[in-house]
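Notebook open. I want to look up one sheet, its strands and what packs on them.

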Amino acid sequence: MEAKESKVPGTAEPISEVRARWGWTEPSIWTDRMLGALESGINGVEETKWFCLIDKVYNPRNLLAAYRRTAGRKGSAGVDHVSIKAYGSQLDRNLARVRGRLKSGTYRPSRIRRTYIPKSGGKELRPLGIPTVEDRVVQTAVRQVIEPIFERTFAEHSYGFRPKRGCKDALRRVFNLMREGNLYIVDADLRKCFDRIPHEPLIERVKERIADRKVVELLRRFLKQEILEDGLTAAPEEGTPQGATLSPLLCNIYLNPLDHLMEEKGIEMVRYADDLVIACPTREKAEEALGILKEWVEANGLELHPEKTRIAEMTEAGGHFDFLGYRFYRSRKGKLTRYPSPKSEKRLREKLRIPTRRTNAHSMEEIIRRCNKVLKGWYEYFKHSSKGALRELDGWVRMRLRSILRKRTKRKGRGRGNDHQRWPNAHFAKLGLFSMYAAWEEATSPLGG
């Protein structure tokens, strides 16, 4: 006789289903009793605060799980120059030291190493903070403890950096809203949101759910981490560093009241971290929604980008807006479609230009192997694009490869003219070149997946 699976205390839900929802595939410090309180709202959990959480943070199982997650994400060393591999080589000693400092309340985060990466499709640079491996482990340990508490409070249509949710869910929601007739889109840009979140108002929102002073103080210390840049050290007065493990969760906590405000007013807002759009049935509703958004943003110490925030009318041909790497577009025939945004295409071409230089000395098979690595990953995200965009990019890649072959056969210029007969598409397919258009056709055919 099969033993019945135990349920979360206070609910009829099997423990395995609750743990799967949170992505807990290994033992968690969230006990069955704690899960019961979290899931069912026993003793008014929805209205009360959580005490005594620091011991869950420094629990050895939690720290070990946090290290494994940190190692899985890889990443660079921080200011101490200690890599993940080096940290892991003395893992027991390192975690024991961290546990002791967390338990005594003496843990102090190290400085953050600041670097800059190009913003998508532009000349502007985005600041990226790189904490030490140890700080990343501790931040992950904290997140594993507090995330479920706040996750229960988050709005339905907030998708960024949440368990079992992702970009594609947000994109699907936006597309469905437009199909339902919400064709006036507030395309909003929160200017430097992560850099401008005010510390104390954020801490107050944390304290609405967490009453453990040691956990709150630990979060405050992470917010106040000094930043090392060009040999100079500065203490931030606002913001949560992009690149820090806790930053996406803290951003969601801070913006959560905005999500619920929009819900209460019947406004369809889709948010992915600091990237959001609002879909409305009329221009008047869109202007009203934009006004509410502006008022909340200004009252909470943030700012809408004046040049990048607008209302896109998707009722007319040519109407468009970009969201999460896709461009949503109304064609001349009146069809709503989506394809990679110009910025996304530009990033792809930049990645492929290096392995497809005409002076590349590798064999064509090796060049194609390197291209495929980029193309397959890119297609996995953009496979919901219109086929025309994918076909055009396939053609661009083959043009680059034909240019290499022209140079090797002492011909000048790029791949063109009779090169399509000299090295037809089938030639590259035989060498194993991945075709995004062919993959799209196969996936959408009756016999496809």
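I started at the hairpin of β10 and β11, where 5 residues lie between the strands. I checked the backbone there, and G334 takes a positive phi near 90°. I keep in mind that this is a predicted model.

Next I looked up the pairing within the hairpin. β10 and β11 run antiparallel and are joined by 5 bridges. I picked out one pair: F328 has R338 in β11 as its bridge partner.

Then I went to the other side of β10, which covers residues 326–330. I found 4 bridges between β10 and β9, again with the strands antiparallel. Here I noted that F323 is bridged to Y326 in β10.

I put the sheet together. Its 3 strands come in the order β9-β10-β11, with antiparallel pairing, and the sheet is open. Which strands stand at the edges? They are β9 (320–323) and β11 (336–340). Each has a single partner strand, so one side of each lacks a neighbour in the sheet. I also looked up the twist: neighbouring strands are turned by 25° against each other on average, direction ignored.

What packs on the sheet? I found helix α8, residues 167–179, touching β9, β10 and β11. The direction of α8 makes about 155° with that of β11.

Last entry: is β11 mostly covered or mostly open? I counted it as mostly covered, since 5 of its 5 residues are buried. For the record, I took buried as under 20% relative accessible area. So β11 is an edge strand with one side left without a neighbour in the sheet, and yet β11 is mostly covered.

Conventions: Residues are numbered from 1 along each chain as its sequence is written. This is a predicted model: local features need pLDDT of at least 70, side-chain atom pairs count only at pLDDT 80 or more; totals for chains, interfaces and linings use all residues. Side-chain values use heavy atoms; hydrogens and water are left out. Two strands pair if DSSP finds at least two bridges between them. Helices (H or I, at least four residues) and strands (E, at least two) are DSSP runs, numbered from the N terminus. Axes are lines fitted to C-alpha atoms, for helices over the stretch in contact, and angles run from 0 to 180 degrees between N-to-C directions. Contact means heavy atoms within 4.5 Å. Buried means under 20% relative accessible area, exposed over 50%, partly exposed in between (1.4 Å probe, protein chains only).
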